[in-house]
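Biologist: I'm new to this one. Can you walk me through it?
Modeller: Sure, let me put it up for us both.

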Amino acid sequence: MHALFQKIAALPWDQLPQWLFLIPGLLMLLAAFAAVCLRNLIHSALCVVLSFICLGVLFMALGAEFVGFVQLLVYVGAVAMLILFAILLTPASEVQASNNPLSNFRLSSALHAAAGAAVSFLVLAGLLAAIAFSPRAANAELPAQPAAAPVALIGENLLTYTLLPLLGIAVLLTAALVGAALIAKEDSKS
Amino acid sequence: MNFPGSGIIKGMAVTALNIVGSYFDRAHAKRLITEQYPEERPKLAEASRSFPFLVFDGDDPEKGIRCVACKICEKECPPQCIYIVKDTDANGKPIMRPKVFDIDISVCMGCQICVESCPFESIRMDNIYEVSGYDRFAPLVLHKPQLLKSNAYYHGIRPTEAAATDARIEAARLRKEAAAKAAAAKVAAAKAAAAAKAAGEKAAETKPTQPE
Amino acid sequence: MMLQILLAISAALFALGLLAALTRRNAIMVLIGIELMLGAGNLNFISFWKFSAHPETITGVMFAIFSIAIAAAEAAVGLAIVIQVHRRLHSVDVNEANQLKG
Amino acid sequence: MNFFALLKDFLLQFLGLFKNLETLPVECMRLLREFLTKLGELCGITMPQWALDTVSALVLIVAILVTFLVLFALMSVFERKLLARAQNRYGPNRVGPFGLFQPVADGIKMLTKEDLVPRAADKVVHYLAPIVMVAPALMLPVFLPFGRGMVAVDLSVGILAFFALGAGTELAVFMAGWASNNKYSILGAMRAIAQMISYELPLVTSALVVALVAGTLSPTGIAEAQSGYFCGFLPKWFVCTPWGFAACVLFYIGALSESNRCPFDLPEGESEIIAGHLTEYSGFKYAIFFMAEYVGMFAVNGLLVTLFLGGYNAPFPFLEWVPTWCWFFIKLWAVALSMVWVRTTLPRFRIDQMMQFAWKFLLPMSFVTLLAAAAWYYAGQGPKAWMSPAAWSASALIVLLSYLLLGTFCFTRRHSATNRRYLFSE
């Protein structure tokens, strides 16, 4: 009993926190996979939200707290709500038999899915191969002082080096807001 | 002062005064009018009614029972919640007394028709309103011992009506007595007349006594 | 090793997003797939930042912040378009929206 | 040294801590860690740092959970009592002394009720919704500084984290509404989400105003920035400044709305849509929703206290002998009970009024407070602004003028009867 305690205590526990990021990472992949596979759109969207949350947690685990919380705020608070609202506002949005003769042909949709799966599998294989054979990725070591992005530094950066992009983003967001409202507005003639 | 939002401030002041006032107001009793039910009970109106009960006179329920098991109420009861069996004596001869008197108060609708139809002023409406049991059936069927309540109780819950009833019973009793006396007098008179006839002219001047 | 695992996770997320965008015919699912791919890109930025030689220049973090902002704008406009398409065609099948005139 | 001697030693030390109430909670945590280390030595192992961290974190979580659940329980009684008093009733006074054990009775009632799941409901999502609702709500209090040096998670981005976790509520409301497969539920959920998203903007913006002046996003830093006094005895709370007062009122309104409290209780407007997204919930799940709402309300109130009401700081120098954490909870209760006060007074908004109020009044006003805070900061040269007449007058002028303008524009009753268009009258 005593020896067991000591054995457990002697494990390299100090390295454990470094690897905790695997939990949200794998959960994120699982949720994303479920989102792709599930037929029910709302379930699929909720799974995507879970994978967004896990992504945010992953960012926090990697030391980018600000980005992690921004990810949660933007994706869970806003984008997820937009997606869910869009699903509710487009009733019967699960694709049914349509007018397009080609899409009624079941073989074609099977082929479609197979082609998509093949392409994404090829992309995955290519990326993984690139990662595996890249000497830089294999030799990467954690820098001496742990990476941290204090919020004051981010603010300073936003108003100095990246001031122009910040202004661009501001214009873009305004344009997107107005544009989205205009596009989604009901036509007066209909 | 009338600026945007001033209405809200006025309203808040009113509720604040009410909250504080409910604690410190001198006219405390006037503000908090809620009756604390199990401790304080409402004074029921005299005419309030719930379910029927049987009135008995005197102290002994069995002796003083007014009901004669005429079964008029059983017949009149719209939801048919009354069940009566007439009592019999040792020889199996029916007597004017109920052996069983049951009222199913889960069926009773409190219409008071039994009270209206009772010729003996025997069934009356009670005003208990806390009737409940742990079973849907048995505890809600009231039997004779539970139904029998004294005339004093009746006077307690609705004095006016009870006094009127008593007066009526008293009047009826007096009328009955008078009738009995009259009948007795008639019989006596007839007897006397017969005797007089038999006695002949000798007794012609004597007169029969009149009842007062 | 850690960087490789992070990159592999990111690559898998990207592939899943691509799968959603290519195989699902619902326009909303296509948009979701694109969001997943953007998330994978952000993950790459953050993990490269964490393993960079100079993490105190927080370039990766800044890039991720801007990327999130752009993704939000893209989602808003994309979903508005989806709703408008649904209003006209009564379907959100991407195969149906194959004509240019309104 | 055996175990009992150790225990006795630490118990005595624990009792000794009560001499200084101010540092009591912090010292308790330190004592716990020491005790665990000693216990490890007794067993012959050195406690690793992460194990100590985990255990003390768990103890902290339990302490915060218990505190907020007790707050929730007391609030549910006091709210009903105050509401009753405003209506000249007694309120709950049956269970225990003054009805204080009413929440226990309510809890037992809720637990023993049947947990109904509609047949047409999406079972999994219906089951998950209360969990998704309560998890972020219970996480919110950890970012709040309850006293000097008493914060469970001291994040430099605490306020952002607070709002990011608060976003989870919307998701839960949507899940509850959609999974119930009921028109009232989905209507209520849609209303709730529309309301939360609309009121989140003024809420976040008015919090941003404080972050702008305090120069930090951490709640501890903001509370510390409000310590001290100006003119010798007046509290340096942000609510005492013109821009801070305006932002505080805006934040208060936003907090009312975010916690679905009257007059913003449209999502569960009983007279219109039964109970909104809660229609199909009963028993314990309903209790969980209820609890999440109240804990969330207390958390948002705690943030309000931290941002505007000086956090854990005493209002006057001569009151500084009261422990800082007592001040925090006194202020928290004051804000929470004021919400009950508002509830007794104001009727429910109509949905279009609610949206108009958010977008046409609150949002512009919160931008104005941003402007006023900037004016305060630059006219008064930063931290010296408290004593600068220029800063006071500039920000007061901006806030007052725009309030009067916007207020007259938004709240003046238009005679709508004359130019009302009836949709289906032709």
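Modeller: We'll go through chain contacts, helix packing, cysteines and a few single residues. Keep in mind that this is a predicted model.

Biologist: Start with the chains. Which pair shares the most contacts?
Modeller: Chains A and C do, out of the 3 pairs of chains in contact.

Biologist: And how far apart are chains B and C at their nearest C-alpha atoms?
Modeller: 36 Å, and chains B and C do not touch. Chains C and D do not touch either. Their nearest C-alpha atoms are 14 Å apart.

Biologist: Give me a residue where A meets C.
Modeller: Try C:Met29, in helix H2 of chain C, residues 27-50. Leaving out residues up to four places away in sequence, C:Met29 touches A:Ala35, A:Leu41 and A:Ser44. From chain C itself, C:Met29 touches C:Ala20 and C:Arg24.

Biologist: Is C:Met29 buried or exposed?
Modeller: Buried, because its relative accessible area is 0%, and anything under 20% counts as buried.

Biologist: How far is C:Met29 from C:Val92 in space?
Modeller: 9.9 Å, C-alpha to C-alpha. In sequence the two are 63 residues apart.

Biologist: Now helices. How do H4 and H5 of chain A cross?
Modeller: H4 of chain A covers residues 41-61 and H5 of chain A covers residues 65-89. Their axes come within 8 Å and cross at roughly 170 degrees. That angle makes H4(A) roughly antiparallel to H5(A), because the cut-off for that label is over 145 degrees.

Biologist: What kinds of residues make up that contact?
Modeller: The contact of H4(A) with H5(A) has 20 nonpolar residues, 3 polar and 1 charged.

Biologist: Which way does H4(A) run against H7(D)?
Modeller: Roughly antiparallel. H7 of chain D spans residues 168-179, and its axis comes within 12 Å of the axis of H4(A). The crossing angle is roughly 160 degrees. H4(A) passes H7(D) in a left-handed crossing.

Biologist: Which residues meet there?
Modeller: On the H4(A) side they are A:Ile42, A:His43, A:Leu46 and A:Val49. On the H7(D) side they are D:Leu171, D:Phe174, D:Met175 and D:Trp178. The contact of H4(A) with H7(D) divides into 7 nonpolar, 1 polar and no charged.

Biologist: Switching topic. How many disulfides are there over all chains?
Modeller: The count is 0.

Biologist: Why isn't B:Cys77 bonded to B:Cys81?
Modeller: Their sulfurs are 3.6 Å apart, so they are too far for a bond. A disulfide needs the sulfur atoms within 2.5 Å. B:Cys81 holds the closest cysteine sulfur to B:Cys77. B:Cys77 is buried, with a relative accessible area of 8%.

Biologist: What about B:Cys70? Which cysteine sulfur is closest to it?
Modeller: The one in B:Cys118, at 6.0 Å, which is too far for a bond as well. B:Cys70 is partly exposed at 30% relative accessible area.

Biologist: What is the phi of B:Lys71?
Modeller: Near 70 degrees, a positive value in a residue other than glycine. Most residues other than glycine have a negative phi. B:Lys71 is in the loop between helix H3 (61-64) and helix H4 (72-76) of chain B. B:Lys71 counts as partly exposed, at 27% relative accessibility.

Biologist: And D:Asn181, what is its phi?
Modeller: Near 60 degrees, and positive in a residue other than glycine. D:Asn181 lies in the loop between H7 and helix H8 (183-214) of chain D. D:Asn181 is exposed, at 53% relative accessible area.

Biologist: Staying in chain D, is D:Lys285 buried or exposed?
Modeller: D:Lys285 counts as buried, at 8% relative accessibility. D:Lys285 lies in helix H12, residues 283-307 of chain D.

Biologist: What is D:Lys285 in contact with?
Modeller: Leaving aside neighbours within four places in sequence, D:Lys285 is in contact with D:Asp115, D:Val117, D:His126, D:Tyr127 and D:Pro130.

Biologist: Last one. Where does D:Phe18 lie?
Modeller: In the loop between helix H1 (3-16) and helix H2 (24-43) of chain D. D:Phe18 is partly exposed, with a relative accessible area of 42%. The C-alpha atoms of D:Phe18 and D:Ala379 are separated by 46 Å. Along the chain, that pair is 361 residues apart.

Conventions. Residues are numbered from 1 along each chain as its sequence is written. Chains are lettered from A and ligands numbered from 1 in the order in which they are written. This is a predicted model: local features need pLDDT of at least 70, side-chain atom pairs count only at pLDDT 80 or more; totals for chains, interfaces and linings use all residues. Side-chain values use heavy atoms; hydrogens and water are left out. Axes are lines fitted to C-alpha atoms, for helices over the stretch in contact, and angles run from 0 to 180 degrees between N-to-C directions. Helices (H or I, at least four residues) and strands (E, at least two) are DSSP runs, numbered from the N terminus. Angles under 35 degrees count as roughly parallel, over 145 as roughly antiparallel, 65 to 115 as roughly perpendicular and the rest as oblique. Ala, Val, Leu, Ile, Met, Phe, Trp, Tyr, Cys and Pro count as nonpolar, Asp, Glu, Lys and Arg as charged, and the others, Gly among them, as polar. Buried means under 20% relative accessible area, exposed over 50%, partly exposed in between (1.4 Å probe, protein chains only). A crossing is left-handed if the near helix is turned anticlockwise from the far one by less than a right angle, and right-handed if clockwise. Contact means heavy atoms within 4.5 Å.
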